[in-house]
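Colleague: I would like to go through this model with you and ask why its features get the names they do. Could you show it to me?
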Amino acid sequence: MLCTASLLLLAVAALPAPPAETFDMTVADTPYGTEEFLRSAGETGVVLKGQVTLKIPGGTDAVLAQDAKLAPDGHPQSYVLVIEAPGQQLTLKALPTATGYALSITPKGGTEPVKSQDVTGKAPIVLLDNNFASHLDAFTRSLTGLGAGEERALTALVPQVLQAIPGSVKRGADGKSSLGGAPVATRSYRLVVANVTTELTVRADDGALLQAEVPMQRAVLKRRGFEPAAAAPAASGLGTAKDARETAVEVKGPVGSLPAILLVPKSDTPVPAVVFLSGSGPNDKDETIGPNKPFADIARGLGDRGIASLRFDKRTFAIKDKSKLGAVQLKDEYYDDAAVALALVAASPGVDPAHVFVLGHSEGAMIAPKVAAAFPKTRGIVMMAPGVRPIDVMLIDQLEFGAKLTGRSADEIAEQTKQLTATFATIRDSSKKDTPPFMGAPAAYWREVIALDVSQMVRDSKLPILVLQGDQDIQVRKGADFELLQLRAGTSSGRVTYRSFAGLNHLFMKVDHESTGAEYGIPAKVDPAVITVIADWILLR
């Protein structure tokens, strides 16, 4: 399953009645759309009919209606996708040829394709078009014969991008969850297509898809009525078993209590403490992404060095009643709750209130100096992968990188860049009061983020600052952000320290190749060298 930016322009026709199966779609915990489809299986294969409805912020929903026929072995025999979206009415087709498939895009009512492509690929060829849980469902039902730990190569046919893309699927662990309130035995698979990892959870007895998660994009397709089981504590080195030093507490912010974890190591004397600020979006206290929990790794590693910590759910994650959140600004997303968290940790038994530090990651690092400045007892700041370029420049960079990974042409990338540039030109114009939300956030929020001058905040701060960067980070780049901060802010006579780590990605986890973000879905740990540097720096203050 690939969720690319261009999908926001896609969309449909009438829905078969009654719909047999429904999947809900979220991105960063925000509703993104639904799919309703009817699956008919027989001796001649499988027929899929139904529609995906995508929510377009500030506009009319986009709808994608499909009619797909799959052979008994799963390969596509025909595929028609009718798209109705603001400014776009298209028909996509995929038909088999002697050597592969003919893919085409035709305007509604037209007879000649505006784009077409003949593609080939090694069998098995699987229909896996963007945003369709029904395609993943048909695919996972064909995997019942895949043995434990076994891996299989495949070719994903993705008509929306006119491509056939090599991929692979590997069977993982079995488990138990619930469906419709009843227990259900599950099986897991990891699908990798175009360097994007999708974690699949299926019903063990027939392979029916229950959930698909793309950690890199924080996208989830979940069968209605399915509830994943809570992650079991693991005994291995990659486990997340409860730490005896940890206590569940609450950060009692202005709009509600936020679940938090206070870790205080045993010590005969008060210890320094760190408050964590996670990156953009609705992050939990561990900054969980897929199977990885970087904040838990760092907190426990610091605990081993005699440093306490407090990590808490962001209100955009913890408060499920979104009406309580209102139009979120940085004050709401970070500043108010961080102030409460800092006061809480400074007053905690065993903590030295004169040695409290702020540690932010990604966007959390960008606002860390401001959070620290508002709390007089702050002793220092750790900034992990802070963005320094304007946020729209960074997002365009990320869009271009992702588009290249999925094989988009230079013309397509240029068009997407043009659209995103135009969107931010509108956002930047504060005189336009009716600018629709972008990526679930209001225009006023984006203006605040755009206005952040990280270099200036570092220069103006009076506190010691440690800036960390992984040289394989594809979201905050060493050459474009880290080195720019060094150039603009300097060391301020030794007050600011910079450290770069070879082979680490945005999560400060080791990669053996160029990072693509696909590795976010693979269990790993924050590199111990990073924790050592942070601990050494804190203990010297």
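Modeller: Gladly, and please keep in mind that the model is predicted. Let's begin with β2 and β3, which form a hairpin with two residues between them.

Colleague: What makes β2 and β3 a pair?
Modeller: Pairing takes at least two bridges, and 10 bridges join β2 to β3 (residues 45-54), so the two strands count as paired, in the antiparallel sense. Within this pair, S40 stands opposite V47 in β3.

Colleague: And why are β1 and β2 called paired?
Modeller: Strand β1 (residues 21-27) and strand β2 (residues 30-42) share seven bridges, again set against a requirement of at least two, so they pair too; their sense is antiparallel. M25 stands opposite G33 in β2. In the hairpin of β1 and β2, which also has two residues between the strands, A28 has a positive phi near 55°.

Colleague: How do you know how far to trust the chain?
Modeller: On a confidence scale from 0 to 100, the mean pLDDT is 88, and 92% of the residues reach 70 or more. Over residues 232-240, however, the pLDDT is below 50, and this stretch has 11 contacts beyond near neighbours in sequence.

Colleague: What makes the lining of the largest cavity five nonpolar, one polar and five charged?
Modeller: Lining residues F276, L277, F295, F312 and Y334 are of types that count as nonpolar. D284, K285, R311, K314 and E333 are Asp, Glu, Lys or Arg, so they are charged, and S278 falls among the others, as polar. The space inside is about 80 Å³.

Definitions and conventions. Residues are numbered from 1 along each chain as its sequence is written. This is a predicted model: local features need pLDDT of at least 70, side-chain atom pairs count only at pLDDT 80 or more; totals for chains, interfaces and linings use all residues. Side-chain values use heavy atoms; hydrogens and water are left out. Helices (H or I, at least four residues) and strands (E, at least two) are DSSP runs, numbered from the N terminus. pLDDT is the predictor's confidence in each residue, from 0 to 100. Contact means heavy atoms within 4.5 Å. On a 1 Å grid over the protein atoms alone, a cavity is a set of points where a 1.4 Å probe fits but cannot get out, and a pocket is an open set with protein on both sides within 12 Å along at least five of seven lines; lining residues have an atom within 4 Å of a point. Grid points are joined across faces, edges and corners, and a volume is the space filled by probe spheres set on the points.
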